[in-house]
Amino acid sequence: MEVKIRNRSRLMLVLALGAFLLLVYAYAQLEWRLPQARTAITTVLRGNIVAADGTVLATSRDVTDLIYKGGPVKRWADIRAASGLTASKPPSLAPREEMTLAARLTDAQVDRLRDLARGQPNLELRPRVERVYPLGTVAGQLLGMMGRDAGLEGIERFYDARLAQGEDVVLTIDPRFQAVAESVLGKYVREHEGVYGSVVALDVATGRVLASASYPEFDPNVWSKYDAAHRRNRPMMDTFEPGSTVKALSVAAALNEGLTNLDIAYDTPMTRKVAYKSGINRISYKTIHDAVARPKGVTTLTVKGILRYSSNVGMSHVVEHFPYAKLHTYLKNFGFGGHVDLGGVYAENGRLSDPRTWDDVVRVNNSFGQGLSASPLQLALAYNTLANGGVFVSPQLVIGEPQGPTRRVIKQDVAKTTLELLRSVVSEGIPHAAGIEGYDLGGKTGTAQTVVNGRYSGSIFDSVFAGIFPTKAPRVTVAVMVHGAKHDYHGSMLAAPIFRDIASEVYSQWAYPPSAPSPEQP
C-alpha cells in the first residue's frame, strides 16, 4: 500500500514540474520573443460577386490597421509621419480602451511601422479582411452589404453560404447598362423632386436582368451612413399600382380572345357609368373618367386610339364581355399576383384579387391597372411577354441558377400586333417624351394614384412607363417607376423621358445605326 502511495506522489510531482516548466517557457516566449511553433489555420477568403462580363462588383482583400491601446508612445513624430497622422500627440483613452489610428495601411507603411512599434505593446499592427465594392454605388442596393461575419442584405445575404465557402456568384447584370440606368434615374428624380424611383431592364429572349437601379443611391462601402430607405432594392421589393401600363396587356388579352379587333370603333365620351351590384336586388353605378384630352370632335376610338389617349372609358368597352375569371387568368399568366422565381433572391409578389370577389367595376379597374399591385420587375416581365412573342419567360439574376417556368400567354401574331400598337403610342402620341428620331421604340405610360390612409391620394402619384426596344426585333424590356414627384409627375413627363434617355445611351453603346427615313418623310 505504501509503495502505491509513493509511486502516485512521484507521478503528481512529475506532472506538476512539467506544468511549471511549460508556464515558464510560455512566459519566456512572450517576454523574450523566443521562436514559437505556428499552427496552420486555413482561412477561406469570401467569394467575389461578379457581373456577366467579368467586372468585379464585390471582393475581399487583406488590410492592416494601426491600433493604439493607450499610454505613452515612443518616437511619436516618426509614427505620425509613417502613418499619415496629423495629431501632435497620441489621443487620450480610457483604461482598456483602444482605437484605430490608421486604417488600410500600404505595404510600405506596414514595414516602417513594424520597426517603430517594436517593443511598444500598446501599438499593434492588426490584420483583417475587408469587403470592398469597387464600383461604389453601382448596383449597391442589389449587392447589399456585409456585417462583421456575414451578409446582411442583398446578394451578400441571400448567397451568404456560397460566398462564405469561397465560391464566386456571377450576376446577369451589365455594369454599363446599370450605370446608365442609375445615372438617368437619379437625374430625373432629383429634377422632379421625387421621393424615390426604380428602373429594371431585361434581356428579352433570356429574361436575364440587365439592370436593377434604385434611387436614392447607396454605397455599400460605407453602408452604416445610410438608412433603410437608401438600402432598399426597389425594383424587386417595392409594389405599386401600375396604372395605365396594364391597358396594353388587357388589350392583348382581348385580341387573343377575339373580344375586340383593330377595326371596332367604340363610343368613348370622357365619362361613362358602369353598373354594379351594391346589395340584394340593388344596382349602383360607378363613373369612369378619362383624363387625356383628345382632338375636338373625337368621340369614338379603336384600340389603337384607346392606348394612344389612354382611355379608361374605352377600356370599359374592351373588357365588357370578358369573363372575370378569364381576364384574371391572363393577368396572372402575365405575372401579376404570383410568385416571382428569382433563384435565391427574394422578390415581392404584388396583389391580384380573387376573381370571385370581382364585379363589373373591379373588372374595369383591373383592366387599366387600378386595384392590383406589382413590383417594377413584375411589370417588366409582363411587357417582356409581349416582346418575346407572347411567351412569359421567368427572370434570371444569378447565372447558373435554374430559371422558373416559361408559358405561352398570347398568340405570337397577337403579341406582334400589340407591339405595333405600343410603337404607335410612342411615335404618334408622345414622340418627344419617349421617342428617338430614327430609332424604333414602343411603350405605354401610367400615372397611378397612390393609396394614403386607405384612400386614393389626390396629390401623390407614381409616374410609370413600360417599354421595349427595338419593337421590330426586341432586345430589351424596361420598366420605370418614380414615386411622389412634386411637379410634372405624369408618366409622359417623367417616366417616359427616363426610358427614352436610357434607350438612347444603350443604342449608343451598341453602336446601333438609325433607320433611314421612309420616302414620305421630308
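Biologist: How do the axes of helix 10 and helix 15 (residues 376-387) cross?

Modeller: In this predicted model, the two axes come within 10 Å and cross at roughly 45 degrees.

Biologist: What makes helix 10 oblique to helix 15?

Modeller: Angles under 35 degrees count as roughly parallel, and those from 65 to 115 as roughly perpendicular. The crossing angle is roughly 45 degrees, which falls in neither range, so helix 10 is oblique to helix 15. The crossing is left-handed.

Biologist: Which residues of helix 10 and helix 15 make the contact?

Modeller: Helix 10 contributes A248, L249 and A252, and helix 15 contributes A382, Y383 and L386. By class, six of the residues in this contact are nonpolar, with no polar and no charged ones.

Biologist: How do you know that Y383 belongs to the nonpolar class?

Modeller: Tyr is listed among the nonpolar residues in the classification used here, so Y383 counts as nonpolar.

Biologist: Why are helix 10 and helix 13 called oblique to each other?

Modeller: The axes of helix 10 (residues 246-257) and helix 13 (residues 324-333) come within 10 Å and cross at roughly 120 degrees. The roughly perpendicular range runs from 65 to 115 degrees, and roughly antiparallel needs over 145. An angle of roughly 120 degrees fits neither, so helix 10 and helix 13 are oblique to each other. Helix 10 passes helix 13 in a right-handed crossing.

Biologist: Which residues of helix 10 meet helix 13?

Modeller: V246, A253, N256 and E257 in helix 10 meet K326, Y330 and L331 in helix 13. This contact has four nonpolar, one polar and two charged residues.

Biologist: What makes helix 2 and helix 3 roughly antiparallel or roughly parallel to each other?

Modeller: The axes of helix 2 (residues 76-83) and helix 3 cross at roughly 165 degrees and come within 9 Å. The cut-off for roughly antiparallel is over 145 degrees, so helix 2 and helix 3 are roughly antiparallel to each other. Their crossing is left-handed.

Biologist: Which residues meet between helix 2 and helix 3?

Modeller: From helix 2 they are D78, I79, A82 and S83, and from helix 3 they are Q109, R112, L113 and L116. Four of the residues in this contact are nonpolar, two polar and two charged.

Biologist: Where does Q120 lie, relative to helix 3?

Modeller: Q120 is in the loop between helix 3 (107-117) and strand 4 (123-132).

Biologist: Why does Q120 count as buried or exposed?

Modeller: Q120 has 7% relative accessibility, and buried means under 20%, so Q120 counts as buried. Leaving aside neighbours within four places in sequence, Q120 is in contact with P72, V73, K74 and I79.

Biologist: How do you know whether L171 is buried or exposed?

Modeller: Its relative accessibility is 0%, against a cut-off of under 20%, so L171 counts as buried. L171 sits in the loop between strand 7 (169-170) and helix 7 (175-191).

Biologist: Which residues does L171 touch?

Modeller: Not counting residues up to four places away in sequence, L171 touches several residues, among them I49, V50, L142, I155 and L397. L171 and V50 are 121 residues apart in sequence, with their C-alpha atoms 6.1 Å apart in space.

Biologist: What does the UniProt annotation say about residues 44-149?

Modeller: The unreviewed UniProt entry annotates residues 44-149 as "domain: Penicillin-binding protein dimerisation". In the model, this span is 22% helix and 29% strand, and its end C-alpha atoms lie 12 Å apart.

Definitions and conventions:
Residues numbered from 1 in each chain as written. Predicted model: local features only at pLDDT ≥ 70, side-chain atom pairs only at ≥ 80, totals over all residues. Heavy atoms only, no water. Helix = DSSP H or I, 4+ residues; strand = E, 2+ residues; numbered from the N terminus. Buried < 20%, exposed > 50% of the residue type's maximum accessible area, 1.4 Å probe, protein only. Contact = heavy atoms within 4.5 Å. UniProt positions renumbered as here; feature names shortened; annotations may be inferred. Axes fitted to C-alpha atoms, helices over the stretch in contact; angles between N-to-C directions. Left-handed = near helix turned anticlockwise from the far one by under 90°.
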